[in-house]
Amino acid sequence: MNGYQVGLNSFENSTENFPFRREGYLDHLTWHSGRPALRFFGFGDPVNCDALIGEEIRVTVHDDRVCSSCGDDVDPDRDVCWDCADSPPMTPCIWSPGTECSWGDCPYPEYKRDACAHTFVVYLVAKDTIKVGITRADRRQARWAEQGATHAIIIGECHNRKVAGIVEMCLAEEYPSKADSSWYVPVDDPVGSLVEAADEAGQYFPDRLDGCYTLHDMSAAETRKRVVSVPDRGNQVNDEVVAGNSELSKGDRQRGRVVGVRGSVIATESFTFNANLHAGTRVTLETTGDLAMPKEDSNT
């Protein structure tokens with residue numbers, strides 16, 4: 001099925017019937033307990049992305065926006081408001097803890113206590129390439145799913161964000177720490193690629209932090225058992241076709257049948273909608289399927 005794209009001034013011209021609708025300022029597409037949910041500021045209940053699979057949707061990306069972090073009025077020169085821009089998690093110490101974190105003299109002690117002074121893991125994920133990253137140990141499954149990885153493995157464990165950031169910075173010379181969030185064609189043999197990379201990664205840990213490496217003296221077979229498969233939706237998706245489809249931009253309106261959800265991306269037969277790129281933007285989502293989350297998950 002071919003989708004179509006028209007200007008916003010043609011919004012009312014279509015007579016297609018989409019009985020379920022959500023319009024508001026987009027927060028983020030999150031994954032909780034392996035289930036994708038699209039969240040909007042001001043709505044307590046997220047959109048159930050599982051229910052979108054196989055359904056027709058129509059998405060309109062409007063021009064107006066709010067702060068992508070809190071939903072308040074945005075600073076016209078940035079994507080966030082002044083308050084969020086000057087506080088974690090938007091500060092450089094969070095994005096680059098290996099170089100920017102002043103751990104002993106932290107200007108945000110409450111945030112440090114709540115978010116940084118915890119066990120962090122260093123991991124490798126398989127996407128279109130092998131990537132290194134860090135996250136709180138208790139968020140690892142959600143983090144991998146939100147990144148859109150197909151597989152992941154923990155290669156290090158550190159006692160706070162700064163130490164994990166130092167390790168990540170050293171490994172980033174061999175494995176990228178930044179990755180495109182668009183739909184992609186997965187790397188060939190992701191499990192084998194992760195096993196090989198995880199075995200080699202130990203040599204890139206700083207000598208003083210060698211004890212953080214968790215795979216010392218482990219055989220390839222033992223390492224393979226530690227590779228985790230990350231959930232997505234749409235196992236029958238033709239990745240090469242979907243990766244070549246257009247990605248919705250501000251001012252676009254398009255419709256299509258949903259074939260999959262991976263990371264922050266909802267993929268249809270004719271276009272992809274990357275929620276990460278439109279956080280804080282007013283979005284209208286219309287669909288032929290019920291948007292409600294299952295009752296037990298509506299408040300998670």
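## Helices, strands and the model

Helices here are DSSP runs of H or I at least four residues long, and strands are E runs of at least two, both numbered from the N terminus. By that naming, Glu196 sits in helix H7, residues 190–201. Keep in mind that you're looking at a predicted model.

## The open sheet

Start with the sheet: 9 strands make it up, it is open, and the pairing is mixed. Reading across, the order goes E3-E2-E1-E13-E4-E10-E11-E12-E9. At the edges you'll find strand E3 (47–48) and strand E9 (246–247), each of which pairs on one side only.

Strand E1 (residues 20–32) has E2 on one side and E13 on the other in that order. With strand E13 (residues 281–287), E1 runs antiparallel and shares 6 bridges; Arg21 is partnered there by Glu286. With strand E2 (residues 35–40), E1 is again joined in antiparallel fashion, this time by 5 bridges.

## The hairpin and its neighbour

E1 and E2 make a hairpin, with 2 residues between the strands. Ser33 is in the turn, and its phi is positive, at about 55°.

Now follow Leu38 across the strands. Leu38 in E2 is the bridge partner of Leu29, and Leu38 also has Val47 as its bridge partner in E3. E2 and E3 run antiparallel and are joined by 2 bridges. That count is enough for the two to be called paired, because pairing takes at least two bridges.

## A salt bridge back to E1

Which side chain does Arg22 meet in a salt bridge? The partner is Asp45, with 3.3 Å from N to O. This contact ties together distant parts of the chain: Arg22 belongs to strand E1, while Asp45 is in the loop between E2 and E3, 23 residues apart. Across the structure, the count comes to 16 salt bridges.

## An aromatic pair

There are 4 aromatic pairs in the structure. One of them brings together Tyr123 and Trp144, with ring centres 5.9 Å apart and 75° between the planes. The pair counts as edge-to-face, because the angle between the planes is over 60 degrees. Here too, distant parts of the chain are linked: Tyr123 is in strand E5 (residues 120–126) and Trp144 is in helix H5 (residues 140–147), 21 residues apart.

## A negative patch

Back to Glu196 in helix H7. On the surface, Glu196 gathers with Glu173, Glu174, Asp199 and Glu200 in a patch of negative charge. Residues in such a patch have no salt bridge.

Definitions and conventions: Residues are numbered from 1 along each chain as its sequence is written. This is a predicted model: local features need pLDDT of at least 70, side-chain atom pairs count only at pLDDT 80 or more; totals for chains, interfaces and linings use all residues. Side-chain values use heavy atoms; hydrogens and water are left out. Patches are made of residues with over 30% relative accessible area and no salt bridge: like charges are joined within 9 Å, nonpolar side chains (Val, Leu, Ile, Met, Phe, Trp, Tyr) within 5 Å. Accessible areas come from the Shrake-Rupley method with a 1.4 Å probe; for residues, only the protein chains shown count as cover. A salt bridge is a side-chain nitrogen of Lys or Arg within 4 Å of a carboxyl oxygen of Asp or Glu. Lys and Arg count as positive and Asp and Glu as negative; His and the chain ends are not counted. The place of a charge is taken as NZ of Lys, CZ of Arg, CG of Asp or CD of Glu. Rings of Phe, Tyr and Trp (its six-membered ring) pair if their centres lie within 6.5 Å; planes under 30 degrees apart count as stacked, over 60 as edge-to-face and the rest as tilted.
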